[in-house]
Every structure is written in structure tokens, then in C-alpha cells.
Amino acid sequence: MLKPPLFRKVNTRAREVHHRFGGDYRHQRNTEDELRSEVVRQGMHGHQRRGLDYTPLFKFLLSKVGQCWDDVYAEAISRLNSPEPIFWLVARHQHQQHDYVRVAEASYYSGLYIDEGGVLQVVNPNVGPSSLPPLCACCTHTFNGIRFTQSFRDNGEPEWLCET
Ligand SMILES: [Zn+2]
């Protein structure tokens, strides 16, 4: 049985996508966004491939926690154009393990790792949609696809300008 790819193509004409589908513009970038990501990035590298959305991959990986990594990896690469996005979530080395990973403007996922037994695990199961405050008021922040439960708190600092 042929399974569908674990990524989707995104219409990179940002404005049109935004207007057609409402507030979900997390996959689009501009220079300002990239600059901003640089500032707020938490020990990560550029987790973005222009024009491709790996949400199906991230959901696939989360659904495979507790399973044999060799099997999970084999299936994942068979359904991807590149293995690279797998390792945005899954740490290759212990020092790369993160409680959470920010894959796009307001899209966060659990950091994953492979334990000594070769089983896929969550780095910190206590981190979830209620753990982090949104960075702005205008974007819908999600953790593993679930909306953040905290609301944006105006602490008097200048708010980042998001693409709206
Ligand atoms: Zn925003």
C-alpha cells in the first residue's frame, strides 16, 4: 500500500494564502520574520524549508513515540523528499535534545530523542500547550498542533511586528 507523503506543498504567494484561508500564515517568511526568528530562536537552527509544510511528518513522529526508531525512520524517509526535517524534532545527539522545537513562526512541537533501547521518546513529556506564553497577540500559537492555553501578556515591551 502506497502511503501519502509526509509533507505538503504550500502556496508561497503569502498574501493570497492569508486572505483565502484566514489567519494561518505561519509558513510564510519574509526578511523581518527571519530576523525575528534569529532573535527568539532557542538553541535551534533554521527549521524552515520555503514552500513545504512538514506538519504531516511532525504528527507522524509524535504518533510513533514508544516505537522502534529503525522502523519509524524507515517509513518516514520513504515518505519524504529529504530526511533533514526528521531531525528538526528528533535529536541526533544528547546535547541537541530540546524540550520543545519551534518549526515555524508560531508552531512548536515536542523535542524527541532515541533512547538506549532504540525507542523514540519525548524529551520532556511535561511540556505542552500550557507551558509557553505566546510571543505576540496576533498569531495563533500551537504546540503539537494544539492551541496554546496561555494568552499573550503585554509586558510593556515593544511587540514584534508580525506579517498580517
Ligand atoms: Zn503575531
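Q: Is Asn-144 buried, exposed or partly exposed?
A: In this predicted model, local features need pLDDT of at least 70, side-chain atom pairs count only at pLDDT 80 or more, and totals for chains, interfaces and linings use all residues. Residues are numbered from 1 along each chain as its sequence is written. A residue is buried if 20 or more other C-beta atoms, placed from the backbone, lie within 10 Å of its own, exposed if 12 or fewer do, and partly exposed in between. Because Asn-144 has 16 other C-beta atoms within 10 Å, Asn-144 is partly exposed.

Q: Where does Asn-144 lie?
A: Helices (H or I, at least four residues) and strands (E, at least two) are DSSP runs, numbered from the N terminus. Asn-144, whose phi has a positive value near 50°, lies in the loop between strand E7 (142-143) and strand E8 (146-147).

Q: Which element gives the largest share of the largest nonpolar core?
A: A nonpolar core is a set of buried Ala, Val, Leu, Ile, Met, Phe, Trp, Tyr and Cys residues joined through C-beta atoms within 7 Å. Here the largest one has 23 residues, and Leu-89 and Val-101 are among those touching the most other members. Two or more residues come from each of helix H3 (55-63), helix H5 (86-89), strand E3 (100-104) and strand E4 (107-110). The largest share, four residues, comes from E3.

Q: Which residues is Leu-89 in contact with, leaving aside its neighbours within four places in sequence?
A: Two residues are in contact if their C-beta atoms, placed from the backbone, lie within 7 Å. With those neighbours left aside, the contacts of Leu-89 are Phe-58, Leu-61, Val-101, Tyr-109, Gly-111 and Leu-112.
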